[in-house]
Amino acid sequence: MAVNDPGGADADAEEPPSMLWGLDPVFSAYSRLYITDILRMKESRQVPGVYFYKNHPLFQVDVLGTVVYKRERDDFYCYGVDDSTGVINCLCWKDEKWRDQGEPTKCRDPSGSSRGFNIEDELKRLKEAERQSTQLEIGDLLRIRGTVKTSRDAREIKATCFYKVSDPVMAVQISRMLEMPQLYRKCYDEPFQMPSDDLGGTEAGGSSHFHYLLSRSVLTLKEFLSEKEVARFRPYDVEFLLHPLIQSSSAEQESDQPRTSLATQIRKLLKETLSVLQDEGQIFRKIRTQDEVYNVTEQDKDLHTAIKDILREDTKREKYAEKGCHVLHILSSMRQRYSQNLSREVLEVALTFLECKSDIISTTEAHYIVL
């Protein structure tokens, strides 16, 4: 399994100031990292207990793996968890309500009772199921969320939540295995970009203000494209929408510091706004030329027709007749027929739009047929 190196050049780079860590969404989330990366992360020089994968600050992780060793103490369990990339010790505290209970009480089978359903018996069963989910043996599958700690020069996870996962056909593990590379590619391996301060203000204040402007700009452009049913546009066609945002921003942030020109600020904000909308799949460029034309995913009728044609033709084949076409098959066909630049995000937005209109339906989470 290919695993990235968190201890490379990026990890040795200067840490972002701690006051800006909250701008990185990874910092407040439970990061789904490979265990080998958790073991190799470097601890922050500014705040003990915070670690860096590349230049992303984090202290909470979400791990799924097999229990390979177990130690029990009066107050806690120590599980060794293996996800096939490494083994890490997980400290899981026992719940107060399960201590000193001994063997579980046998519940009378309500099916043999004249009273039928018995709420007390059902509650006992639920409590027993909950108790058993926190008691694991070697070979069981464990999911654990918790904080990363370093104790006696050894990295470990102190659990805030843990439970045994029932996965007889390995569906959970396969889903996780497919999800992890995408998370790394789209999130963890993408560097945390320090917000620039081109729109004025102090470093921290200007950065926060720019993100606020960007969110307003994205919302404004989305509403305009939807209300006017715009199918395609060029950047200068929508530039006027950002003028009021920049002007009100300049009025709110009075400062003696020299500011960039209004035109420069608008161009920068528009560029970032279009980038966000492309990442979300709301807009795309069918052909990459010097003439910067953007197609609006939900209004591009040619795109919708091409998708329905592919589904209509391919679902006639025996291979796709029952479940329909997988989204990756549709994407490959669309890149051959419609545009090589089409992203999966754009396709998924289009599929959702067509399903809402009842033009197509999903037979599974990722398979579609045309109506």
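In this predicted model, Tyr-184 is buried, with a relative accessible area of 2%. Tyr-188 likewise counts as buried, at 6% relative accessibility, and both tyrosines belong to helix α4, which covers residues 171-188. The two are four residues apart, or about one turn of the helix. An α-helix has 3.6 residues a turn, so residues three or four places apart point the same way. The structure holds 11 aromatic pairs, and one of them is formed by Tyr-184 and Tyr-188, whose ring centres are 5.4 Å apart and whose planes meet at 85°, an edge-to-face arrangement.

The rings of Phe-224 and Phe-240 also form an edge-to-face pair, because their planes stand at 85°, over the 60 degrees required for that class, while their centres are 5.9 Å apart. This pair links distant parts of the chain, since Phe-224 lies in helix α5 (residues 203-227) and Phe-240 in the loop between α6 (235-238) and α7 (243-252), 16 residues apart. Phe-240 counts as partly exposed because its relative accessibility of 48% falls between the limits of 20% and 50%. Elsewhere, Trp-21, Phe-27, Phe-52 and Phe-59 form one aromatic cluster. Rings are also met by charged side chains: Lys-94 lies over the face of Tyr-77, at 5.0 Å from the ring centre, and the charged end of Arg-285 sits over the ring of Tyr-294, 5.9 Å from its centre.

Phe-52, a member of the aromatic cluster, is also the bridge partner, in strand β2, of Lys-42. Strand β2 (residues 51-53) pairs with β1 in the antiparallel sense over two bridges, and these strands belong to an open sheet of three strands, in the order β1-β2-β3, with antiparallel pairing. The edges of this sheet are β1 (42-43) and β3 (56-58), each of which pairs on one side only.

Strand β7 (residues 141-151) pairs in the antiparallel sense with strand β4 (residues 60-72) over seven bridges, and in this pairing Val-61 stands opposite Gly-146 in β7. With strand β8 (residues 154-165), β7 also pairs in the antiparallel sense, here over 11 bridges, and Arg-145 stands opposite Cys-161 in β8. The strands β7 and β8 form a hairpin with two residues between them, and Arg-152 in the turn has a positive phi of about 55°.

Helix α8 comprises residues 262-280, 19 residues in total, and reaches 27 Å from its first C-alpha to its last, close to the 27 Å expected at 1.5 Å a residue. Its buried residues are Gln-265, Ile-266, Lys-268, Leu-269, Leu-270, Thr-273, Leu-274 and Leu-277. Gln-278, which is also placed in α8, counts as partly exposed because its relative accessibility is 24%, above the limit of 20% under which a residue is called buried. Beyond residues up to four places away in sequence, Gln-278 touches Ile-283, Arg-285 and Tyr-294, and so its contacts include both members of the charge-and-ring arrangement described above. The C-alpha atoms of Gln-278 and Thr-297, 19 residues apart along the chain, are separated by 9.8 Å. The helix is followed by Gly-281, whose phi is positive, near 85°.

Thr-297 is in turn a partner of His-304, whose side chain reaches the backbone oxygen of Thr-297 at 2.9 Å. His-304 is placed in helix α9 (residues 301-314) and is buried, with a relative accessible area of 6%. When residues up to four places away in sequence are not counted, His-304 touches Thr-297, Glu-298, Gln-299, Phe-353 and Leu-354.

Leu-354, one of these contacts of His-304, is also among the buried residues of helix α12, together with Val-346, Leu-347, Val-349, Ala-350 and Leu-351. Helix α12 (residues 344-356) has 13 residues and reaches 18 Å from its first C-alpha to its last, close to the 18 Å expected at 1.5 Å a residue. The cover over its buried residues includes the helices α8, α9 and α11 (327-337), as well as β10 (283-284), β13 (360-362) and β14 (367-370). Just after α12, Ser-358 takes a positive phi of about 65°.

Key: Residues are numbered from 1 along each chain as its sequence is written. This is a predicted model: local features need pLDDT of at least 70, side-chain atom pairs count only at pLDDT 80 or more; totals for chains, interfaces and linings use all residues. Side-chain values use heavy atoms; hydrogens and water are left out. The expected span of a helix is 1.5 Å times one less than its number of residues. Buried means under 20% relative accessible area, exposed over 50%, partly exposed in between (1.4 Å probe, protein chains only). A polar contact is a pair of N or O atoms within 3.5 Å; within protein, one must be able to donate a hydrogen and the other to accept it, and residues adjacent in sequence count only if both atoms are side-chain atoms. Contact means heavy atoms within 4.5 Å. Rings of Phe, Tyr and Trp (its six-membered ring) pair if their centres lie within 6.5 Å; planes under 30 degrees apart count as stacked, over 60 as edge-to-face and the rest as tilted. A charge sits over a ring if NZ of Lys or CZ of Arg is within 6 Å of the ring centre and within 35 degrees of the ring normal. Two strands pair if DSSP finds at least two bridges between them.
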